[in-house]
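Below is a short briefing on one protein model. It covers a sheet and the surroundings of two ligands.

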Amino acid sequence: MNHFLDIHKTNPDELRCMIDQASAMKQARLTRPKGAPDDDQPLAGRMVALIFEKPSTRTRVSFDVGVRQMGGQSMVLSGNDMQLGHGETIADTARVLSRYVDMIMIRTFDETVLMEMAEYASVPVINGLTDRTHPCQIMADILTYEEHRGPIKGKKVVWAGDGNNVCASFLHAAGQFGFDLTFTGPAQLDPEDEFVGLTRKAGSKVVIERDARKAVEGADLVVADTWVSMHDSQSSKERRHNMLRGYQINTELMRHAKPDALFMHCLPAHREEEVTSEVMDGPQSVIFDEAENRLHAQKAIMRWCLEV
Ligand code: CP
Ligand code: NVA
């Protein structure tokens, strides 16, 4: 059994196998209704717990549907309604859940909750987003890029805005899949030094460029995310908007990227804030393919976790 906790903690060959399997599984379903089961049923008889301590649309629905397509069953649990971390330790919840279910996906705040869950669970644990990383999202993003443009190895990816949890997982992926990442945003919101260091150590180029136009020059992919994440306090909203306004992705900025550059956003997006509707709904945007690919990528991740 394997935990899927972070991209930099997972072997690059195994990550590649997951992307390829996700692509093959997607192809195999192209003409089928979404509720139809897959031909093989690798999760038959398996039960998966999906725990959410933060809101979610994509992660919740794509995991639930993915489990069902593969013949398993899932239960969506709200952290607030559980004893998790309030009535008992994370370790005890992990031990108890392991007696009932075959796999646990958790979206939480502090990364230590995920780590403790993984340490004490005797079933695979999947990171469905923490304050620090969002690896499932980036697996879907790699799948999406490669579907549209071929191998991502050697490409230039530009992250604009807040060096947040999604940015961190993009950095990890840069190291593991061999692409370069340029971060453009205010210094106060730079990605963590530790993650930048890891990516450089893995042999990928990481550039920090304050000027958004210069940053996107030669970009194959431009990525944005919300300026205020779920773990950020609402009182920081105005300050963040003021810092980030110059990093909005709009048509003028996209003109500085390669003509065939793609635009991605994990969603939910704030139209006319971090990105204009013109870009979101324009020909370079692949945001809804990204959302769909959460399903396919996570199905491959779950199979890898359970080794089925
Ligand atoms: N991108 C993403 O994780 O979306 P949700 O918050 O809706 O799950
Ligand atoms: N950075 C965002 C991603 C949401 C999917 C957040 O953490 O709120």
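Ala, Val, Leu, Ile, Met, Phe, Trp, Tyr, Cys and Pro count as nonpolar, Asp, Glu, Lys and Arg as charged, and the others, Gly among them, as polar. This is a predicted model: local features need pLDDT of at least 70, side-chain atom pairs count only at pLDDT 80 or more, and totals for chains, interfaces and linings use all residues. Residues are numbered from 1 along each chain as its sequence is written, while chains are lettered from A and ligands numbered from 1 in the order in which they are written.

**Ligands**

- The shell around ligand 1 has four nonpolar, four polar and one charged residues.
- Among the residues surrounding ligand 1 (C-beta atom, placed from the backbone, within 6 Å) are Arg58, Gln137 and Cys266.
- Around ligand 2 there are three nonpolar, four polar and one charged residues.
- The residues around ligand 2 include Asn164, Asp225, Met230 and Cys266.

**Sheet**

- Five strands (DSSP runs of E, at least two residues, numbered from the N terminus) form an open sheet in the order S7-S6-S5-S8-S9, with parallel pairing.
- Strand S7 (206–208) and strand S9 (262–265) are at the edges, each with a single partner strand, so one side of each has no neighbour in the sheet.
- Two strands pair if DSSP finds at least two bridges between them; S5 (residues 156–160) and S8 (residues 221–224) run parallel and are joined by four bridges.
- Val157 has Leu221 as its bridge partner in S8.
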